[in-house]
Amino acid sequence: MEPKSHPPINIRSAKSEELPRAVAAIVAAFLTDPPARFGWPSPHDYLQAMPLATCEFAGSCFQHGTAYVSADFCSAALWLPPGVQPNGEALERVFRDTAKREHLDDLLATFEKMDQSHPKEAHWYLPQIGVEPNAQGKGLGGELMRHALARCDQERALAYLEASKPRNIPFYLRHGFEVIGEIQIG
């Protein structure tokens, strides 16, 4: 029996006007993500707030041409180049305005700890990568990762990310990442 083959996957940089489509892939992919749902356990609140949070967390990648998407917009990887940071003040404002009140302090502390944990050396940062649930298991995430890491390798630059759930760690290890720490709040 031959292994199941998938059609070739085309990855490209999303244009600024395609931001809503790329963000939609992230929102769909993070629907069951523990930290995202911790802040917004209600489906309505999650669907209202997650696009705003994604734009503040990683939206500047669109200006840098480092929002990578599959041609069908079922997957996206939002990378920030060296020296580019998430809009922390605006992200905190989104959290304060939208997150479940009893979880707000832990959510803010988590993001503060994430910021403090970044390498001191210049690095590419992957705030979010995701494949919408109906397209998972088809190699989209791996192709997104290979596409971005080829650039990191070409530039001989570090790459850094946080895994929001333990189940994703083997995927990142397969792409050459190493676990360097753990963040736990609350």
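1. **F73.** F73 is buried, because its relative accessibility is 8%, and the cut-off for buried is under 20%. The model is a predicted one, and F73 sits in the loop between strand 2 and strand 3. Its backbone deserves a look. Phi of F73 is near 60°, positive in a residue that is not glycine. Most residues other than glycine have a negative phi.

2. **R156.** A positive phi also occurs at R156, where the value is near 55° and the residue is again not glycine. R156 belongs to the loop between helix 7 and strand 5. Is R156 buried or exposed? R156 is exposed, because its relative accessible area is 78% and exposed means over 50%. Set beside this, F73 is buried at 8%.

3. **The largest nonpolar core.** This core has 35 residues. Those with the most contacts inside it are W40, Y46, M50, F62, A76, L78 and F95. Which elements each supply at least two residues of this core? They are helix 1 (19-29), helix 3 (43-58), helix 4 (61-64), strand 2 (67-70), strand 3 (75-80), helix 5 and helix 6. In soluble globular proteins, nonpolar side chains tend to be buried together.

4. **A76.** A76 is among the residues with the most contacts inside the largest core. Its contacts, leaving aside neighbours within four places in sequence, are A22, A25, I26, Y68, V69, Q128, I129, G130 and L144. Another core lies apart from the largest one. That other core has 15 residues, including I129, L149, Y172 and F177. I129 therefore appears both in the contact list of A76 and in the core of 15 residues, where cores are joined through side-chain atoms.

5. **A163.** Where does A163 lie? A163 is in the loop between strand 5 (158-161) and helix 8 (169-174). A163 counts as partly exposed because its relative accessibility is 34%. Beyond four places in sequence, A163 touches I169 and Y172. Y172 is one of the residues of the 15-residue core. The C-alpha atoms of A163 and W40 are 19 Å apart, with their positions 123 residues apart along the chain. W40 is one of the residues with the most contacts in the largest core.

6. **P81.** P81 is in the loop between strand 3 and helix 5. P81 counts as buried because its relative accessibility is 12%. Which residues does P81 touch, not counting those up to four places away in sequence? They are H64, T66, H123 and W124. P81 and V94 are 13 residues apart in sequence, and their C-alpha atoms are 23 Å apart in space.

7. **Salt bridges.** How many salt bridges does a search of the whole structure find? The search finds 5. Side chains of opposite charge can pair when their charged atoms come close. Among the bridges is one between the side chains of E102 and K100, at 3.3 Å, N to O. E102 is exposed, at 55% relative accessible area, whereas K100 is partly exposed, at 36%.

8. **Helix 7 pairs.** The side chains of E143 and R146 form a salt bridge at 3.1 Å, N to O. E143 and R146 are 3 residues apart in helix 7 (residues 140-155), so about one helical turn separates them. E143 is partly exposed at 26%, and R146 is partly exposed at 44%. Another bridge joins the side chains of E155 and R151, at 3.1 Å, N to O. Both lie in helix 7, 4 residues apart, which is about one turn of the helix. E155 is partly exposed at 39%, and R151 is partly exposed at 32%.

9. **The second largest pocket.** The volume of this pocket is about 300 Å³. Helix 5 (88-98) and helix 6 (104-117) are the elements that give two or more residues to its lining. The lining has 15 residues. Which of them lie nearest the centre of the pocket? They are G88, L91, F111, E112 and D115. By class, the lining has 8 nonpolar, 3 polar and 4 charged residues. Helix 5 and helix 6 also each supply at least two residues of the largest nonpolar core.

Terms used:
Residues are numbered from 1 along each chain as its sequence is written. This is a predicted model: local features need pLDDT of at least 70, side-chain atom pairs count only at pLDDT 80 or more; totals for chains, interfaces and linings use all residues. Side-chain values use heavy atoms; hydrogens and water are left out. Buried means under 20% relative accessible area, exposed over 50%, partly exposed in between (1.4 Å probe, protein chains only). Contact means heavy atoms within 4.5 Å. On a 1 Å grid over the protein atoms alone, a cavity is a set of points where a 1.4 Å probe fits but cannot get out, and a pocket is an open set with protein on both sides within 12 Å along at least five of seven lines; lining residues have an atom within 4 Å of a point. Grid points are joined across faces, edges and corners, and a volume is the space filled by probe spheres set on the points. Ala, Val, Leu, Ile, Met, Phe, Trp, Tyr, Cys and Pro count as nonpolar, Asp, Glu, Lys and Arg as charged, and the others, Gly among them, as polar. A salt bridge is a side-chain nitrogen of Lys or Arg within 4 Å of a carboxyl oxygen of Asp or Glu. A nonpolar core is a set of buried Ala, Val, Leu, Ile, Met, Phe, Trp, Tyr and Cys residues joined through side-chain atoms within 4.5 Å.
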